[in-house]
Amino acid sequence: RFYPDITGGGQISALEIAKGQAALGNHVHVLTFSDALSPHDPPLEEHVEGVHIIRHHIPKLAFFPRLSNMDYMYWQIAKISSPVVERLDPDIIHLLNFESIPTTAWRLRKRFHKPLFATANGPMFGCFTQAGLHADGSVCIDCPPGRRLQDCIHTWGAFKGPLYWLYSLWHMPRLRHSYKAIDRFFAVSRAVVPLLRNMGVPAEHIRVVGNPIRISPQATPSIELKKLNGITDQKVILYAGRLEENKGVHQIIRSLAHVPNTILLIIGKGSHENTLKQLVTDMNLQKRVHFLGFLPNDKLLAYYTITDLVVFPNTVYETLSRMLLEAAAHGIPIVASTIGGNADIVHDGENGILLDKPTPRTLALAMSTILDDPKIHAKMGFAARTIIRNTFGAETIRNKIDQTYRETLHHPADGTRAP
């Protein structure tokens, strides 16, 4: 997917990467896919903010959605991409759909001999079940076949699980082998580097380049949003993202018992939503916790103007949270777990507090430390914008990507000189 078809942070980052390279004078073409197109529709071509976008329909299987959303879809991506690449004859190819590498990379490498780049923006590439976690909650990265069988059965049941596992015995080695076709990997955080190394990628082929974000002037808090949510003198805590158990939202709700005079705004949808709403009812917090559902990014950004603190006690390996990037860019202090790439955004004691094992009480203590002291809050808010500007600012990231492009054009990973 690509702008304006935005369902998450990945599409926003892809747009910023494309716009950044176009702003440097590079000719940028984006090949993407749209559910709005039927099998008989011709490709839709358009220009958005200096970027040439080509949208295609992509076929899907009516059965085995797991296969349809992986190798079948990626074979379709490779099949459709080849004639487009041949027509455009680009200097480089940048894969932003990381999971499509096994099929796409080798096909494009062998046919066109172009330098290939890939953005690694999640831990799922090394986890066959795509959960990023084993059944016991530990991080899953290229696990041995025996343990993968347990995870497949846990995910798909006793009948389908072993069938998917048999398929994984072919898929996972192919995945590791396909990474050899990539000249340079862009790891969106330091947390991605050991995952790539574990999948056999040499350290010299990895560059840590975070997802870009634009730093806007700090906006005036929205009086309308405060009235709409019944906010008067209370401090506002925000969580925006999927409502799944491993995101830790239930821990935030439980912590409110120890943090008075606060309101929690929850933006997003997910399988854990009803459980969270029941928890709010059980704790009699209906007046302090507001579920706002899924909001498009332009409407979500307005809520940062009325937010005092963002909290993210995740237990899943999140490589780089878009919510934390946006919060810090708005000058909002953060309380988060140390898992994954959170530490790339949250510098403990500077622009927020990191917790090894968030519990309702440790969260409450960290939240109170920031919210109860205006000087600490202001200092952390200022530091947040500075850290984001220096590390993840759109201009900083676009220059890093462009520099890596140009270096690799002269020194490809396969040792040949690129055109």
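So, how do E1 and strand E3 pair, and over how many bridges? They go in the parallel sense, over five bridges, with E3 covering residues 51–56. Before I go on, keep in mind that what we're looking at is a predicted model.

Okay, let's stay with that sheet. It's an open one, three strands, in the order E1-E3-E2, and the pairing is mixed. At the edges you've got strand E1, 29–33, and strand E2, 44–48, and each of those pairs on one side only. On average, neighbouring strands here are turned by 25° against each other, if you ignore direction.

If you want to check the register on the E1 side, histidine 29 stands opposite histidine 52 in E3, and threonine 32 stands opposite arginine 55 in E3. Now over to the other side. E2 and E3 pair in the antiparallel sense, again over five bridges. There, leucine 44 has arginine 55 of E3 as its bridge partner. So arginine 55 turns up twice: opposite threonine 32, and as the bridge partner of leucine 44.

E2 and E3 also make a hairpin with two residues between the strands, and in that hairpin glutamate 49 takes a positive phi near 50°.

What about E3 itself, how many of its six residues are buried? Six of the six, so the strand is largely enclosed by the rest of the structure. Both of its faces are covered: Val51, Ile53 and Arg55 are buried on one side, and His52, Ile54 and His56 are buried on the other. I'd point you to the two histidines and the arginine in that list when you look at the model.

Next sheet. This one is open too, with four strands in the order E4-E5-E6-E7, and the pairing is parallel. Strand E4, 93–95, and strand E7, 206–208, are the edges; each has a single partner strand, so one side of each is left without a neighbour in the sheet. The twist averages 25° from one strand to the next.

Walking across it, E4 and E5 run parallel and are joined by three bridges, with isoleucine 93 standing opposite leucine 116 in E5. Further along, strand E6, residues 184–187, pairs with E7 in the parallel sense over three bridges. The bridge partner of phenylalanine 185 in E7 is isoleucine 206.

Two helices to mention here. Helix H3, residues 101–112, packs on the sheet and touches E4, strand E5 (116–120) and E6, and its direction makes about 175° with that of E4. H14 packs on the sheet as well, touching E4, E5, E6 and E7, and its direction makes about 165° with that of E6.

And E5, how many of its residues are buried? Five of the five, so E5 is largely enclosed by the rest of the structure. Leu116, Ala118 and Ala120 point one way, Phe117 and Thr119 point the other way, and all are buried.

Back to H14 for a second, since it has a helix partner. Helix H13, residues 374–392, and helix H14, residues 394–410, pack at an angle of about 20°, with their axes 6 Å apart. That makes H13 roughly parallel to H14. From H13 the contact uses Arg389, Asn390, Thr391 and Phe392, and from H14 it uses Ala394, Thr396, Ile397 and Lys400. By type, that contact divides into three nonpolar, three polar and two charged residues.

One more strand, E11, residues 309–312. Leu309 and Val311 on one side and Val310 and Phe312 on the other are all buried, which covers both faces. Strand E8, residues 235–240, runs parallel to E11 and is joined to it by two bridges; leucine 238 has valine 310 as its bridge partner in E11. E11 also runs parallel to strand E12, residues 334–337, with three bridges between them, and there valine 311 has valine 335 as its bridge partner.

Last thing, the cores. The largest nonpolar core has 93 residues, and Leu196 and Ile345 are the ones with the most contacts inside it. Leaving aside neighbours within four places in sequence, isoleucine 345 is in contact with Leu320, Ser321, Leu324, Leu325, Ala328, Ile334, Asn351, Ile387, Ile388 and Phe392. Apart from that core lies another, of 10 residues, among them Ala14, Ala18, Ala22 and Val48. That's what I had, thanks.

How values were computed: Residues numbered from 1 in each chain as written. Predicted model: local features only at pLDDT ≥ 70, side-chain atom pairs only at ≥ 80, totals over all residues. Heavy atoms only, no water. Pairing = 2+ DSSP bridges. Axes fitted to C-alpha atoms, helices over the stretch in contact; angles between N-to-C directions. Core = buried A, V, L, I, M, F, W, Y, C linked by side-chain atoms within 4.5 Å. Buried < 20%, exposed > 50% of the residue type's maximum accessible area, 1.4 Å probe, protein only. Contact = heavy atoms within 4.5 Å. Parallel < 35°, antiparallel > 145°, perpendicular 65-115°, else oblique. Nonpolar A, V, L, I, M, F, W, Y, C, P; charged D, E, K, R; others polar.
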